[in-house]
Amino acid sequence: MSFRTSPATRVTSGFAGRLARLSWVDAVVAAAVLVLFYVVLQVGHGTTVRFSTDQSIKVDTDPGRLPYDAARSLLRMFIALAASIVFTFGYALAAAKSRRLERILIPALDILQSVPVLGFLTVAVTGFIALFPGSMLGLECASIFAIFTSQAWNMTFGFYHSLTSLPRELDELSRSFRFTRWMRFWRVEVPSGMISLVWNGMLSFGGGWFFLVASEAISVNNKDYALPGVGSYAGAAVTDGDLGKVGWAILTMAVMVIGVNFLFWRPLTAWAEKFKNEQSEASEVQRSVVLDFLRRSNWPRLLGTVLRPVGRALSGAGRVFGTDDRPLHVDGARRRTGDITFTVVAGALILWGLFDLGRYLHDETGLGVFGEPLLLGLATLARVVVLVAVATVVWVPIGVKIGFSPRLTRIAQPVVQVLASFPANFLFPLAVWFFLKTGLSINIGGILLMALGAQWYILFNTIAGAMSIPSDLREAMDDLGVRGLQRWKRLILPGVFPSYVTGGITASGGAWNASIVAEVVTFGGTTLTATGLGAYIAKATASGDFPHLLAGVAVMSLYVVGLNRLLWRRLYRLADTRFAL
Amino acid sequence: MVLNTLRTLRNARHAVAAPAPRPADGEVLLETVGLTKAYAGADGELPVLGGIDLQVRAGEVVALLGKSGSGKSTLLRCLAGLVPPSSGTVSYRGAPLTGANPGTAMVFQTFALLPWLTVLQNVELGLEARGVPADARSDAARQAIDLIGLDGFESAYPKELSGGMRQRVGFARALVVEPDVLMMDEPFSALDVLTAENLRGELMELWESGQFPTRAIVLVTHNIEEAVLMADRIVVLGSRPYGTIRETFEVGLDRPRDRNAPAFEELIDRVYRTMTGRAKETRLPGRPEGLEPDRRTPANTPLPGASVDGLSGLAEMVAHRGGSCDLADLADDLGLEIDDVLPLVDALELLGFAAVSGDDLVLTDRGTTFAGADVRRSKEIFAAAAPDAPLVRLITTSLRQSPDGTLRAGFFRDVLAHHYTSEQVAQQLETATDWGRYAELYGYDAEREEYRLDAGATA
């Protein structure tokens, strides 16, 4: 009866045995952590350097500076990610727990994620510089804020959804055993939402590179600001018209994207497997070499021993938030009074804001300011539509081909994922150089630039869709001799449709956002400007023209929301009801 | 010894809170007075429970027995303070509940284990919530794990365990907080027959041994035998028109109970008759089939949730046994619960294919022909019988009166919404669609949400 030995002895002997086998694995992990700390400290030090708004910063384009620049960029990305997580917890909790707040917060989130983030960069930069006068921190914050606003929304949506769709028995477990609110959050709610949090985080992070590049070097109020980073390095190289240095920057970017994927997101997704709420071992699981390596070392265990008392202390402190309980009796009259007060106050605030905004626009430019962007929006809309249509015709057949072949999938999927998260604006200079050579108009070429980033969403979602078509359905079609056009009509298109719609929404949203940087492009002193809403916003940003900026951003949000409601939502519903496999 | 440790721990813990002493046998732990519960339906409040007066005393095992839809799980959740009653009171040791009941702990049908925590961590949850220090709660959890026969599995994750082992974790987790009342919501119904039997036996042995850390058990089940095996008192809940206490049986049998004892079988039969309700309420004297077909309406005679395949399967099986068989035996032989068979029986009765007499299900002539026919013929017979089902008849006649032979599903939904919850409405229409399609009376276009008269049925 060996397993009947007292548990206490088992633990100690296990631990001692572990320590005896302290190996090179542990040494490597320890060294890696040490280096990481050192780098963060070194790099972090640079963010507090003094600067004044009068001096325009000259970016040093010595390729030897690239590692340092890359580290600064990475630090920004991770700080933004941390901020997104904190925001996600706060916002999603508030929306999920408060009936009243929910009615405002969730529609607001829906709008926020349709707003072209880049349009707000100006406001953010001015605001943050005022907040930290005389320090680079203001610019840093503005850049981080831009990345944050591109990351936070879908993480928040995902977490809110997992909070509200918590399995009923887990909710009852928590209340029946009188969990503290703190316990409910950390033991039940966060773990339940962990998978969605990690995967949404990974997707957002991939999208964030784009905004990193766009926000590191920016002109506001006719002044150029630049932070040390890969994006600004590339920007400076472009201004110089030095294609060699642009190449170095692209290479660095590629290394960063792949490296972060390999060292951070892969291990994290593999680790998140343990939060799958399923009752049996899954056949296909995410794996990561890095995670396996970490698990082989003793560090997780040692860290656990050190952190456990901290966790306990926090858990003890968390008791102040009270017990997870819901009163059985609700006072109807008091509740109604609360509802009415809330509605009146919220409504008044919004009305007041609207009134003030209207007056501001009226005083500055007159309300006719909306006319021009509305017209220009049609041009950009046409670009987005062409882009999505062409990308669909090109990538759906290829995606299906890849998805049906396990061998091709294994090769193609990681590549496409990297392509999708690679910031397309990095490649713009090359494209402009190409346009100048061939004389292609930016009005047409803009579509190409927007497509550089957006098309991949359609491709990789189609691959995922094709993979999800059960092989017995394909065998049945083979068996019945269904091939060619009929096969596409009866099996393949309906099968990939739900995933395709997801890809289409993301691609079209991404394209709108990209239009702000794709409709005005510069290379070595030449600036090409297309006719469109993106160019309108970019121009307003550069000259610090707030009324026009506001109008442009509002109109673009209107277009995005309209397109989502009128087209994508309906396709989504169709996919849900008719084509769900 | 185990118990001593648990006791010491409890005393140490409670030294701070200075709790009421352990309740003596017979003391009323849980009590409901005039408890009703209604959920918001499509057309106002729809009652689920009506006028429940129930007491649970220290030292007894109470089984809440009923078909699905009888509100037994809702009643359990009202007792646990998880669901607010619409009217009436629930009290624990004399004090009305204002939130989750502090004296109960729940064992769930689907286990409700947190897959990201080990067995030990799962068991510790309740103690952690009470702020028991880490060392003490780990000790107590290990004792409980020992008690319930899980030792050796402390560091396993739930997904590595079999169903039976998972439910043991559920029991250990509830027992370690030593609630006055253990609440069990169909704890064995997700397990296979042998595992359930084994776990049931071990649990009752523990209860009998006097080592049990709780003072009473409330068990929700739809399994009559389980109720008779385990309970001291069986409360049968009826479902029409809403959950009420139909009858209460005191079980005086000694434990361990012998299934083959005549008294045991006799009690099962009595409970069975009460539960199916055939002896009493729904049937008026001299009217063997409940309401006459022409007095049935979609409101007073809901369609049972039975598919055409299911009910013809049952008909064939009965025909195979000579056209009549004992219902309890049939369910038993198939390894099915009463819940699974009753809708099929109701469907056969409604269509005039079979009748229940006493404990037996007897095929009518129509039913015998139906069971023996080939596909074409059985469709014809079914088509002739289906209009006996009021909702099928309603849909068919309404479609005939409609100029183009089509009607939106929303029309029927509205008609039914006065009498059923939206879930029930969906189930009613689903069954009606299935039956109507098979009978080729009408078709349903799911995309346009529209019923359309079948070409052959216009005549």
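Biologist: Let's start where the two chains meet. How many residues of chain B are in contact with chain A?

Modeller: This is a predicted model, so keep that in mind throughout. On the chain B side, 29 residues are in contact, and they touch 32 residues of chain A. People often express the size of an interface as the accessible area lost when the parts come together. Here we are just counting residues in contact.

Biologist: Which elements of chain B give two or more residues to that side?

Modeller: Those would be β6 (104-107), α3 (119-129) and α4 (134-147) of chain B. The top contributor is α3(B), which gives 4 residues. Sorted by class, the chain B side has 17 nonpolar, 7 polar and 5 charged residues.

Biologist: OK, on to chain A. How many helices and strands does chain A have?

Modeller: Chain A has 21 helices and 4 strands. Of its 581 residues, 38% are buried. Take the contacts in chain A between residues at least 6 apart in sequence: 80% of them link residues at least 24 apart.

Biologist: With that many helices, I'd like to know how to read a packed pair. What describes one?

Modeller: You need two things: the angle between the axes and the distance between the axes. Try α8 (residues 181-216) and α9 (residues 230-240) of chain A, which pack at about 55 degrees with axes 7 Å apart. An angle like that makes α8(A) and α9(A) oblique to each other, therefore neither roughly parallel nor roughly perpendicular. The crossing of α8(A) past α9(A) is right-handed.

Biologist: Which residues of α8(A) and α9(A) meet there?

Modeller: From α8(A) you get Leu212(A), Val213(A) and Glu216(A), and they meet Gly231(A), Ser232(A) and Ala234(A) of α9(A). By class, that contact has 3 nonpolar, 2 polar and 1 charged.

Biologist: At what angle does α3(A) cross α9(A)?

Modeller: Roughly 130 degrees, with the axes of α3 (residues 66-97) and α9 of chain A coming within 7 Å. That pair, α3(A) and α9(A), is oblique too. On the α3(A) side the contact uses Leu66(A), Asp69(A), Ala70(A) and Ser73(A), while α9(A) brings Val230(A), Gly231(A) and Tyr233(A). The split for α3(A) with α9(A) is 4 nonpolar, 2 polar and 1 charged.

Biologist: Now the strands. Do β3(A) and β4(A) run parallel or antiparallel?

Modeller: Antiparallel: 4 bridges join β3 (residues 520-523) to β4 (residues 526-529) of chain A. Phe523(A) sits opposite Thr526(A) of β4(A). The two strands, β3(A) and β4(A), make a hairpin with 2 residues between them, and Gly524(A) in the turn has a positive phi of about 50 degrees.

Biologist: What should I expect for phi and peptide bonds in general?

Modeller: Most residues other than glycine have a negative phi, and most peptide bonds are trans. Chain B has cases that go the other way. Arg93(B), not a glycine, has a positive phi of about 50 degrees, and Ala112(B), also not a glycine, has one of about 55 degrees.

Biologist: Where are they, and is each buried or partly exposed?

Modeller: Arg93(B) is in the loop between β4 (87-92) and β5 (95-96) of chain B. Arg93(B) has 15 C-beta neighbours inside 10 Å, so it counts as partly exposed. Ala112(B) lies in the loop between β6 and α3 of chain B. With 23 other C-beta atoms within 10 Å, Ala112(B) is buried.

Biologist: And which peptide bond is cis?

Modeller: The one from Arg255(B) to Pro256(B), with omega near -10 degrees. You'll find Pro256(B) in the loop between β10 (244-250) and α8 (262-276) of chain B.

Notes:
Residues are numbered from 1 along each chain as its sequence is written. Chains are lettered from A and ligands numbered from 1 in the order in which they are written. This is a predicted model: local features need pLDDT of at least 70, side-chain atom pairs count only at pLDDT 80 or more; totals for chains, interfaces and linings use all residues. Two residues are in contact if their C-beta atoms, placed from the backbone, lie within 7 Å. Ala, Val, Leu, Ile, Met, Phe, Trp, Tyr, Cys and Pro count as nonpolar, Asp, Glu, Lys and Arg as charged, and the others, Gly among them, as polar. A residue is buried if 20 or more other C-beta atoms lie within 10 Å of its own, exposed if 12 or fewer, and partly exposed in between; C-beta atoms are placed from the backbone. Two strands pair if DSSP finds at least two bridges between them. Axes are lines fitted to C-alpha atoms, for helices over the stretch in contact, and angles run from 0 to 180 degrees between N-to-C directions. Angles under 35 degrees count as roughly parallel, over 145 as roughly antiparallel, 65 to 115 as roughly perpendicular and the rest as oblique. A crossing is left-handed if the near helix is turned anticlockwise from the far one by less than a right angle, and right-handed if clockwise.
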